[in-house]
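Thank you all for coming; I would like to use these few minutes to walk through charges, cysteines and backbone angles, and please keep the model in view as I speak.

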Amino acid sequence: MEHQEVADSKTDPLCISQLKISSSLDPGDLLKSHRHSPIKVQESEETWGVEDDDDLTDPNFDTVEGNGHSDPTSCFDADLSEYKKKATVIVEEYFGTNDVVSVANELKELGMPEYRYYFVKKLVSMAMDRHDKEKEMAAFLLSTLYADIIDPPEVYRGFNKLVASADDLSVDIPDAVDVLAVFVARAIVDDILPPAFLKKQMKLLPDNSKGVEVLRKAEKSYLATPLHAEVVEKRWGGTDNWTAEDVKARINDLLKEYVMSGDKKEAFRCIKGLKVPFFHHEIVKRALIMAMERRKAEVRLLDLLKETIEVGLINSTQVTKGFSRIIDSIEDLSLDIPDARRILQSFISKAASEGWLCASSLKSLSADAGEKLLENSSANVFKDKAKSIIREYFLSGDTSEVVHCLDTELNASSSQLRAIFVKYLITLAMDRKKREKEMACVLVSTLGFPPKDVRNAFSMLIESADDTALDNPVVVEDLAMFLARAVVDEVLAPRDLEEVLNQTPEAGSSVGEKVIQMAKTLLKARLSGERILRCWGGGGIETNSPGSTVKEVKEKIQILLEEYVSGGDLREASRCVKELGMPFFHHEVVKKSVVRIIEEKENEERLWKLLKVCFDSGLVTIYQMTKGFKRVDESLEDLSLDVPDAAKKFSSCVERGKLEGFLDESFACEESQSKKQNGSSSSSG
């Protein structure tokens, strides 16, 4: 396996870590954390620094252990070797003491956070060869240290290494596949691994590897079963073993008891008894939600939080994180508590004025920031519709269909919804192939949204880049390319780049700066316009390359209908419709069939029979059938130029469709009726 040498990120502005992009990491720390210029390990053929996708999936790509060979820059190997020894000792001591706080403190003192993926791997691999108690302790420790001590990308990378080394683990641990499958499933249930981890890793591993067996077993045997969360959480759970859900339940109980009794001393005792100080943000979060839901208990709950901070029971970092988690979920909370945003703002103001919260470290809840959040149920409905529209577009490539759908959903004041649509379009495209990325760029250019809305979309994308990185390690590079492409396509002006950065809630964050810097570098390069236009295999909006897909499909539909009408082979026609492979585009089959019937071309009964068979077999859904008829209704004005009584014939087709059962009785020719009314009123005038 060949690996390219990677230059220092300080000397190459395009060299950005694919895994470590957390905004909490100071760029200067990259130099302090022993990531020096390229270091090659002779026997293992590994390159340290920025890893490419192949490295991540190579089971042999791991830290160097005792091979006896090193580069002149041996400090790197020494640091790693020292980290491994200390990590092993920490894990051994934890299994003996069950002291989560001690582990957290020792990891912080040990430093070198870029190696914590190895701690994840070591913890799980050592637990796999022990009793259920140690397995449960390992799962609980990961859930507790997640985000605060071990960054999400390091957890992801640790499990990546574990799955890749499943073949080796199976040599010493006979049931390694099953045990590791439970660990993976547990990590997903505990929200420390994204569900997409399974499919992404499965695509990258050899089909006959133990790693693939692990992923399949995790998905089918544990995550696909009824009550899977409860089953997975209790898999190793004894009376002395607490899962993350157990802790959450205990927190909920202690808050309820406190609200009833008002006994702060008892509440303090219960909080200390949890012995999970790095999970105290959950106490803050649940107390705030309970205060929103039970307004009579608001004063008592806020007073409890204030005193826990004053006596040092909960530290300021945990308080900030608790508030931040509420802000992140305010969109969902607003569905159950309509006034949630205003209430939370009052909590923040009160806590800041009393000195137990640093409000400046929180994201804004102002109107401008609120524009980027979904504030009501109608916006949530649009969010689901947007995803459906985008997925259909990726299948059909029909930009006109997207424009038509958005015209019915949006109006001139729908600025936030337009930004949300662009955000989802790019997010979904980033998780797909080059074809979909190119299609997304073409669609953004075609829609002609105001620059402000596109800027807002990119600001939201940058804001959520840390989470996106869990599924897409090269999110920074992808976002930079999309942003540069928007400038080349004149969707945004070059000056909009800085505006995008300024609009992000955490302006000046390392993620935002990296994206903007990379976009600028791409735009400054020689022949940048042409290179950016062809970065995903397209030629820009002028060539309309994705649009050719829908044109080809329309031609195929036209041919199959002509062949069916002349030959009458119903089974062959149905097979051809199915083999189009585009169920979201079957409305075009309906439309073209109805138009042929209106034009009174030969054998119209055959067309009715085809529609009936396609509908009865489920090949064409009632939604696609209705959509096809609506498309004919919308084109009646043009159709009437060739067929003067097209409207009358279409009405007869609608009645026939209702009679056959594939049109709902509520279907009405709205377009044609409105035109008739307009025509009659104008003639009478």
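Which residues gather in a patch of negative charge on the surface? Before I answer, please bear in mind that what you see is a predicted model. The patch is formed by Asp129, Asp167, Asp168, Asp172, Asp175 and Glu213, and the element that gives the most to it is helix 8, residues 166-172, with 3 residues. One of the patch residues, Asp167, has its place in helix 8, and because its relative accessible area is 35%, Asp167 counts as partly exposed.

Let me turn from unpaired charges to paired ones. As a reminder of the general idea, side chains of opposite charge can pair when their charged atoms come close. In this model the count comes to 29 salt bridges, and I will go through a few of them.

Take Arg418 and Asp453, which form a salt bridge whose closest N and O atoms are 2.6 Å apart. This pair links distant parts of the chain, since Arg418 sits in helix 23 (residues 415-430) and Asp453 in helix 25 (residues 451-463), 35 residues apart. Are these two partners buried or exposed? Arg418 and Asp453 are both buried.

Helix 25 comes up again with Arg455, which forms a salt bridge with Asp496, the closest N and O atoms being 3.0 Å apart. Here Arg455 lies in helix 25 while Asp496 lies in helix 28 (residues 496-503), and so the pair ties together parts that are 41 residues apart in sequence. As for accessibility, Arg455 is at 15%, and therefore counts as buried, and Asp496, at 8%, counts as buried as well; the cut-off behind both statements is that buried means under 20% relative accessible area.

A further case is the pair Arg435 and Glu436, whose side chains meet in a salt bridge at 3.4 Å, N to O. Arg435 has a relative accessibility of 35% and so counts as partly exposed, whereas Glu436, with a relative accessible area of 14%, is buried.

Salt bridges can also be followed beyond a single pair: Glu392, Glu401, Lys627, Arg631 and Glu634 are linked in a network of them.

Now to the cysteines. How many disulfides does the structure hold? The number is 0. For context, a disulfide is a covalent bond between the sulfur atoms of two cysteines. Two cysteines that you may wish to look at are Cys270, which is partly exposed with a relative accessible area of 21%, and Cys358, which at 43% relative accessibility also counts as partly exposed.

Finally, a word on the backbone, where I would draw your attention to two loop residues. Met112, which is not a glycine, has a positive phi, near 45°, and is found in the loop between helix 4 (100-110) and helix 5 (116-128). Its relative accessible area is 15%, and for that reason Met112 is described as buried.

Asp191 likewise has a positive phi although it is not a glycine, in this case about 65°, and its place is in the loop between helix 9 (176-189) and helix 10 (196-204). Is Asp191 buried or exposed? With a relative accessible area of 56%, Asp191 is exposed, whereas Met112 is buried.

That is where I will stop, and I am happy to go back to any of these places in the model.

Terms used: Residues are numbered from 1 along each chain as its sequence is written. This is a predicted model: local features need pLDDT of at least 70, side-chain atom pairs count only at pLDDT 80 or more; totals for chains, interfaces and linings use all residues. Side-chain values use heavy atoms; hydrogens and water are left out. A disulfide is a pair of cysteine sulfur atoms within 2.5 Å. Buried means under 20% relative accessible area, exposed over 50%, partly exposed in between (1.4 Å probe, protein chains only). Patches are made of residues with over 30% relative accessible area and no salt bridge: like charges are joined within 9 Å, nonpolar side chains (Val, Leu, Ile, Met, Phe, Trp, Tyr) within 5 Å. Accessible areas come from the Shrake-Rupley method with a 1.4 Å probe; for residues, only the protein chains shown count as cover. A salt bridge is a side-chain nitrogen of Lys or Arg within 4 Å of a carboxyl oxygen of Asp or Glu. Lys and Arg count as positive and Asp and Glu as negative; His and the chain ends are not counted. The place of a charge is taken as NZ of Lys, CZ of Arg, CG of Asp or CD of Glu. Helices (H or I, at least four residues) and strands (E, at least two) are DSSP runs, numbered from the N terminus.
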